[in-house]
Every structure is written in structure tokens, then in C-alpha cells.
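Please read the following report alongside the sequence and the model. It goes from the overall fold to single helices, a cavity and a few chosen residues.

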Amino acid sequence: EDVPGHPVAVFKDENQAIELLLAGPLQKALNAYRESGTQENRVALEAAISQLLTIDTHYRRKENLLFPLMEKYGITAPPQVMWGVDDEIREKIKGVLAALKQETPNATAIAELATAMSNQVSEMIFKEEQIMFPMTLEAFNDDDWASVEAASDEFGYTLIGRPVHRVKQPAQGESAIKAYDGGSAPTGPV
């Protein structure tokens, strides 16, 4: 898990970058917009929220690579609940962006929406790190992790660069993503 390139380490790196965005640029822009509501502050907040929208990449990788394996091992409730919450978060982010683009946006209402959105993102990070990752580390074997790692580049990463991988990556144009059919996932040397 703490090995650079391990999928859990990569997800945690993304979570750290998301938390830094929430606590830094997004919070600063939100405070400035709440105080003055100027066009300049609105644009800064819109830019920070747009950056947060890249969380979709993190969620899609989690939903498409981790959840099927969790279900394979009989862990069904957390993926179902988390996927629903991920969808709610994506909609809240889009809702804040839409509110910011209105002709006469309501700074107070936007601040409330953005705060609720940020809180829900932080709660999801906590759930991933305290509940989901420990479950997956206990349930998944080395081949499972190798398949997750091999397919991760096809989804991309949120707010971090491409990590150094521990396993051989697929050749250019070759897909590492395979629909879960109960068979074996792609593997490589660990």
C-alpha cells in the first residue's frame, strides 16, 4: 500500500491533492467570492471548481477497477453506496458550476452549495481511506492489484501526474481494461 505506484498509494496521492485543492485554492476563492462577489472572484472560484471536477477520473477508476473486484470477493454494500455518493458529488460540482454561470449568481447560495460539496468530498476521502482501502488490501491478491495498476492509465489520474508503475504496462494501443466476466484479469510481473 505504501509502495510508490501501488494503486492504493496512487488513490491516496490523489486524495491528498484533492484535499490540498479544497483547503487551499478552492477555499480561498470561495471566501473571496463570498465576501465580494466580484467577477474576478467568481472566475477564480469557477476555475477551482472546474479543477475539482477532474475528481470524476478518480471516481471512474475506483468504480470500474476496484468495485468489480470488491464484488468478486463478496464485498457488495460499500461499492453500491459509494457509487451513489460519487454520483451525488459529481452532480453537486456541476451544480455549483452552473450556479456560477448564471447571469446574476447568488453568492450566498453558491457559498452554501460549495461548502456542502466540499464537505461531501472530504467525507468520501475519509470513507475511501478508512473503510474501502483497508477492505481491498485485505481481500485483493497480487494479481488483482497488478490488473488494477495495468488498467489505471486508461482512465487517467486526478490532480497528479502519471505514477511510476510496478508492473509492465500494455503495449501502445493494447487495452488493459477487460469487462469482468468472472475470469482472470490481465496481469503482469509484480
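## Overall architecture

Helices and strands are taken here as DSSP runs, of at least four residues for a helix and at least two for a strand, and they are numbered from the N terminus. On that basis the model, which is predicted, follows the pattern α-α-α-α-α-α when read along the sequence, with 6 helices and 0 strands.

Of the 190 residues of the protein, 43% count as buried, and the accessible surface comes to about 9,600 Å², of which carbon and sulfur atoms hold 52%. Among the contacts between residues at least 6 apart in sequence, 73% join residues that are at least 24 apart.

## Helix H1 and its kink

Helix H1 covers residues 7-36, and its 30 residues reach 42 Å from the first C-alpha to the last, which is close to the 44 Å expected at 1.5 Å a residue. The helix nevertheless has a kink of about 40°, centred on Leu 26. After H1 comes Gly 37, whose phi is positive, near 65°.

## Helix H6 and its packing

The end C-alpha atoms of H6 are 21 Å apart, in agreement with the 20 Å that its 14 residues should span at 1.5 Å a residue. H6 is mostly covered, since 10 of its 14 residues are buried; these are Asp 144, Trp 145, Ala 146, Ser 147, Val 148, Glu 149, Ala 150, Ala 151, Ser 152 and Phe 155. The partners against which the buried residues of H6 pack are H1, H3 and helix H5, the last of these covering residues 107-139.

## The cavity and Arg 61

The structure holds 1 cavity of 30 Å³ or more, and the volume of the largest cavity is about 50 Å³. Its lining is made up of Gly 5, Pro 7, Val 10, Phe 11, Arg 61, Glu 149, Ser 152, Tyr 157, Pro 163 and His 165. The elements that give two or more residues to this lining are H1 and helix H6 (142-155), and the largest share, 3 residues, comes from H1.

Arg 61, one of the lining residues, is found in helix H3, which covers residues 55-72. Is Arg 61 buried or exposed? Arg 61 counts as buried because its relative accessible area is 1%, which falls under the 20% cut-off. Leaving aside residues up to four places away in sequence, Arg 61 touches Val 10, Phe 11, Glu 14, Leu 66, Ser 152, Phe 155, Gly 156 and Tyr 157. Among these partners of Arg 61, Val 10, Phe 11, Ser 152 and Tyr 157 also appear in the lining of the largest cavity, while Ser 152 and Phe 155 are among the buried residues of H6.

## Val 85 and Gln 39

Val 85 lies in helix H4, which covers residues 77-100, and is buried because its relative accessible area is 13%, under the 20% cut-off. Which residues does Val 85 touch, not counting residues up to four places away in sequence? Val 85 touches Gln 120 and Met 124; the second of these is 39 residues from Val 85 in sequence, whereas the C-alpha atoms of the pair are 7.9 Å apart in space.

Gln 39, found in helix H2 (residues 39-52), has a relative accessibility of 49% and therefore counts as partly exposed, given that only values over 50% count as exposed. Between Gln 39 and Leu 100 there is a separation of 61 residues in sequence, and their C-alpha atoms are 10.0 Å apart in space.

Technical notes:
Residues numbered from 1 in each chain as written. Predicted model: local features only at pLDDT ≥ 70, side-chain atom pairs only at ≥ 80, totals over all residues. Heavy atoms only, no water. Buried < 20%, exposed > 50% of the residue type's maximum accessible area, 1.4 Å probe, protein only. Contact = heavy atoms within 4.5 Å. Areas by Shrake-Rupley, 256 points an atom, 1.4 Å probe, with all protein chains shown as cover. Expected span 1.5 Å × (residues − 1). Bend = angle between axes of the 7 residues up to and from the residue. 1 Å grid on protein atoms, 1.4 Å probe; cavity = no way out; pocket = protein on both sides within 12 Å on 5 of 7 lines; lining within 4 Å. Points joined across faces, edges and corners; volume = space filled by probe spheres on them.
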